[in-house]
Amino acid sequence: MSDRDHITSQTVNLGMIVNIMLSIAKTVIGILGHSQALLADGINSVSDVIYYIAVKIFMRQAKKPADSEHPYGHRQLESISAIVVGAFILTTGIAIFFESINKIYDLATGFSQARTAPLIVVLIAAGTLLIKVFLFLFSKRNYRKTNNPTLRALADDHFNDIMAALAVIVGVVMARLGFIWMDPAAGAVVALFIVRTGVSIILESSAELMDKVPDQAFADKVREIAATVPGVKCIEELGSHRFGPYFSIEITICVDGRISVDEGNSIAHALEEKLKDHYRDSLSRVMIHFHPEDKTHA
């Protein structure tokens with residue numbers, strides 16, 4: 001796990017350092033350049049820095065070994081960390097959206113004076129776009145290496161920032177062409193991308209904590225493997241527990257009621273070995289309960 005933790009730490013540290021620099025640049029230029037879209041993106045980067053600090057704390061705790069109170073270790077903190085990321089993203093997106101809508105209303109009613117953003121705003125947004133493309137690809141690659149849900153959440157947020165940078169560029173350019181309302185409108189578009197990403201991260205990470213079977217293909221594969229083991233009549237129940245990059249499986253199988261306990265145990269052991277062989281890099285534990293087949297499952 002040391003290599004996995006090193007890759008995770010490297011990805012989080014790089015993202016935090018870059019977001020600190022981007023949050024300062026985008027917020028300052030957004031205020032001085034009177035760009036609602038860039039300011040919205042800058043506030044998003046500030047929130048990124050805050051949740052990156054939270055992520056580092058969670059990742060440090062997740063590396064703790066198993067103990068008497070946590071026999072499976074602390075790796076589920078990775079999913080909790082992803083939910084924290086999603087919550088920060090969601091609340092930031094909602095705040096930015098309403099601020100942008102208010103700005104559009106003020107422009108429409110003449111309450112505020114329209115100002116055209118300078119070209120430096122476009123340059124900052126373009127630089128952000130290039131940096132975030134690199135961070136997205138970097139985080140996505142490391143997620144595939146580690147299967148850490150937090151890195152998936154960070155990669156999704158980087159993609160969100162790519163869309164936000166594009167919205168800033170479009171908004172500022174259109175504003176300079178005379179469509180002043182397009183800049184705050186771009187800020188609202190940025191917010192919608194932020195909200196969508198936050199909700200998606202929360203739902204996916206919550207499903208992992210709720211012990212959801214990974215997907216239907218996984219359940220079908222387990223049943224397919226069980227069907228190859230002589231003596232297994234059916235799978236009555238199938239459950240899965242996620243612990244960081246690993247998971248355990250709990251299965252209830254049906255066997256012929258006329259066989260001995262030793263024979264039933266041999267069937268369960270054979271299925272366990274087949275499952276461990278197939279999922280050797282991710283399956284940590286298999287628990288199999290067997291009982292006589294009844295007419296319902298015949």
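**Figure 1. Phe97 and Phe98 as an aromatic pair in the predicted model.** In this predicted model, Phe97 has a relative accessible area of 25% and is therefore partly exposed, since the partly exposed class lies between the limits of 20% and 50%. Phe98, at 51% relative accessibility, counts as exposed, because the exposed class begins over 50%. The two rings form an edge-to-face pair, with 5.7 Å from centre to centre and 80 degrees between the planes. The count of aromatic pairs comes to three.

**Figure 2. The stacked rings of Phe134 and Phe138 in helix 4.** The ring centres of Phe134 and Phe138 are 5.9 Å apart and the planes meet at 15 degrees, so the pair is stacked. Both residues belong to helix 4, where they are four residues apart, about one turn of the helix. In an α-helix there are 3.6 residues a turn, so residues three or four places apart point the same way. Phe134 is partly exposed, at 47% relative accessibility, whereas Phe138 is buried, at 13%.

**Figure 3. The surroundings of Lys132 in helix 4.** Lys132 is found in helix 4, which covers residues 119–146. The relative accessible area of Lys132 is 0%, so the residue counts as buried. Apart from neighbours within four places in sequence, the residues in contact with Lys132 are Asn19, Leu22, Asp48, His158, Asp161 and Ile162.

**Figure 4. Asp161 and helix 5.** Asp161 lies in helix 5 and, with a relative accessible area of 0%, is buried. When neighbours within four places in sequence are set aside, Asp161 is in contact with Asp41, Asn44, Asp48 and Lys132. Asp48 is thus among the contacts of Asp161 and also among those of Lys132. Between Asp161 and Ile194 the separation is 33 residues in sequence and 8.1 Å in space, C-alpha to C-alpha. Helix 5 has 28 residues, which at 1.5 Å a residue should span 40 Å; the end C-alpha atoms are 41 Å apart, in agreement with that expectation. After helix 5 comes Gly178, with a positive phi near 115 degrees.

**Figure 5. The largest nonpolar core and a separate second core.** The largest nonpolar core holds 22 residues, of which Tyr51, Val85 and Leu154 touch the most other members. At least two residues of this core come from each of helix 1 (2–32), helix 2 (36–62), helix 3 (77–109), helix 5 (149–176) and helix 6 (182–209). Leaving aside neighbours within four places in sequence, Val85 is in contact with Tyr51, Val55, Ala153, Leu154 and Ile201. Another core, of 20 residues, lies apart from the largest one and includes Ile225, Val229, Val232 and Leu275.

**Figure 6. The disulfide between Cys234 and Cys254.** One disulfide is counted, and it joins Cys234 to Cys254, with an S to S distance of 2.5 Å. The pair links distant parts of the chain, 20 residues apart: Cys234 is in strand 1 (residues 234–243) and Cys254 in strand 2 (residues 246–255). A disulfide is a covalent bond between the sulfur atoms of two cysteines. Both Cys234 and Cys254 are buried.

**Figure 7. Thr252 and its contacts.** Thr252 has its place in strand 2. With a relative accessible area of 10%, Thr252 is buried, because the buried class covers values under 20%. Not counting residues up to four places away in sequence, Thr252 touches Cys234, Ile235, Glu236, Glu237, His289 and His291. Cys234, one of these contacts, is a partner in the disulfide with Cys254.

**Figure 8. The chain as the setting of the close-up views.** The chain contains eight helices and three strands, which follow the pattern α-α-α-α-α-α-α-β-β-α-β along the sequence. Of its 298 residues, 44% are buried. Among contacts with a separation of 6 or more, 73% are between residues 24 or more positions apart. The accessible surface of the chain is about 15,000 Å², and carbon and sulfur atoms account for 63% of that surface.

Terms used:
Residues numbered from 1 in each chain as written. Predicted model: local features only at pLDDT ≥ 70, side-chain atom pairs only at ≥ 80, totals over all residues. Heavy atoms only, no water. Buried < 20%, exposed > 50% of the residue type's maximum accessible area, 1.4 Å probe, protein only. Contact = heavy atoms within 4.5 Å. Areas by Shrake-Rupley, 256 points an atom, 1.4 Å probe, with all protein chains shown as cover. Core = buried A, V, L, I, M, F, W, Y, C linked by side-chain atoms within 4.5 Å. Phe/Tyr/Trp six-rings, centres within 6.5 Å; stacked < 30°, edge-to-face > 60°. Expected span 1.5 Å × (residues − 1). Disulfide = S-S within 2.5 Å.
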